[in-house]
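Thanks for coming, everyone. I'll put one structure on the screen and walk you through it.

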Amino acid sequence: MKELSLHVYDLLENSIAAKASIIELTIRDSIKDNIYHFTIKDNGKGMSPDFLAKVTDPWTTTRTTRKVGIGLPLIKMNTESAGGGMKIESELGKGTTLQFWFQHNHLDRPPMGDLAGTIVMLCSQYEEIQFIYKHITDVDEFIFDTNEVKEVLDGMSMHDITIIKYLKEMIQENLEEIRYND
């Protein structure tokens, strides 16, 4: 995957597949500290210690449609090639926390891509899940919580194309305001 937003999409889909009802994405984007740090935390079904120990092996997957799972191995490879790393903690019945990070200025760090579009696509597709997205920069922070959005929408669906367009623009404007970095 050539963009971090595509990795984020794939990894958030793992949380969705794990039947999470709350998914939190926190991004710490600091040029000052030379770090691009991502945390994805969910309250899904979690993983057993045995499965967790081999989860970065591409031949390990819970899918029944194919026998490979490349999302976690790929992000692990990308972080390590860009001066970063990855850590996963999980407990059966309680959920999973995935952290991965890059040196911000590393030549091999993929660009962010369309993160606002990724967030809105998932939120509109899975309205029953609470998504909390927090982006922290050296300047400020931005928080997007679908429960707050639903309250403001007062029953309107996030599937509506006008709402999707508005939310994407709103997220993008807020990211630019806090001077997020691609």
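One definition before we start: helices here are DSSP runs of H or I with at least four residues, numbered from the N terminus. Keep in mind that this is a predicted model.

With that, go to helix H3, residues 71–81. Just after H3 sits Gly83, with a positive phi of about 70 degrees. Which residues of H3 are buried? They are Gly71, Leu72, Pro73, Leu74, Ile75, Asn78 and Thr79. Recall the general rule: an α-helix has 3.6 residues a turn, so residues three or four places apart point the same way. And what do the buried residues of H3 pack against? Against H1, S3 and S4.

Now the sheet. Six strands make an open sheet, and the pairing is mixed. The order is S3-S4-S2-S1-S5-S6. At the edges are strand S3, 85–91, and strand S6, 141–145, each pairing on one side only. From one strand to the next, the twist averages 10 degrees.

Look at the S6 edge. S6 and strand S5, residues 130–137, run antiparallel, with five bridges joining them. One pair to click on is His135, whose bridge partner in S6 is Phe142.

Next, the helices on the sheet. Helix H1, residues 4–17, packs on it and touches strand S1 (22–30), strand S2 (35–42), S4 and S5. The direction of H1 makes about 20 degrees with that of S2. H4 lies across S1, S5 and S6. How does H4 run relative to S5? At about 165 degrees.

On to the core. The largest nonpolar core has 45 residues. Those with the most contacts inside it are Phe38, Phe100, Tyr133, Phe144 and Ile171. Helix H4, residues 115–125, gives the largest share of this core, six residues.

Let me zoom in on Phe144. What is in contact with Phe144, leaving aside neighbours within four places in sequence? The list is Ile119, Cys123, Phe131, Ile132, Tyr133, Val149, Leu167, Met170 and Ile171. Two of those names, Tyr133 and Ile171, also appear among the residues with the most contacts in the core.

Last topic: charges. Side chains of opposite charge can pair when their charged atoms come close. How many salt bridges does the structure hold? Six. I'll show three.

First up, Asp114 with Lys168. Their closest N and O atoms are 3.0 Å apart. Asp114 lies in the loop between strand S4 (95–103) and H4, and Lys168 is in helix H6, residues 161–177, so the pair ties together parts that are 54 residues apart in sequence. Asp114 is partly exposed, at 34% relative accessibility. Lys168 is also partly exposed, with a relative accessible area of 34%.

Then Lys87 with Glu89. Here the closest N and O atoms are 3.4 Å apart. Lys87 has a relative accessible area of 41%, and Glu89 is at 42%. Buried or exposed? Lys87 counts as partly exposed, and Glu89 does too, because partly exposed means between 20% and 50%.

Finally, Glu141 with Lys134. The closest N and O atoms are 4.0 Å apart. Glu141 is partly exposed at 36% relative accessibility. Lys134 is partly exposed as well, with a relative accessible area of 27%.

That's the tour. Questions, please.

Conventions. Residues are numbered from 1 along each chain as its sequence is written. This is a predicted model: local features need pLDDT of at least 70, side-chain atom pairs count only at pLDDT 80 or more; totals for chains, interfaces and linings use all residues. Side-chain values use heavy atoms; hydrogens and water are left out. A nonpolar core is a set of buried Ala, Val, Leu, Ile, Met, Phe, Trp, Tyr and Cys residues joined through side-chain atoms within 4.5 Å. Buried means under 20% relative accessible area, exposed over 50%, partly exposed in between (1.4 Å probe, protein chains only). Helices (H or I, at least four residues) and strands (E, at least two) are DSSP runs, numbered from the N terminus. Contact means heavy atoms within 4.5 Å. A salt bridge is a side-chain nitrogen of Lys or Arg within 4 Å of a carboxyl oxygen of Asp or Glu. Two strands pair if DSSP finds at least two bridges between them. Axes are lines fitted to C-alpha atoms, for helices over the stretch in contact, and angles run from 0 to 180 degrees between N-to-C directions.
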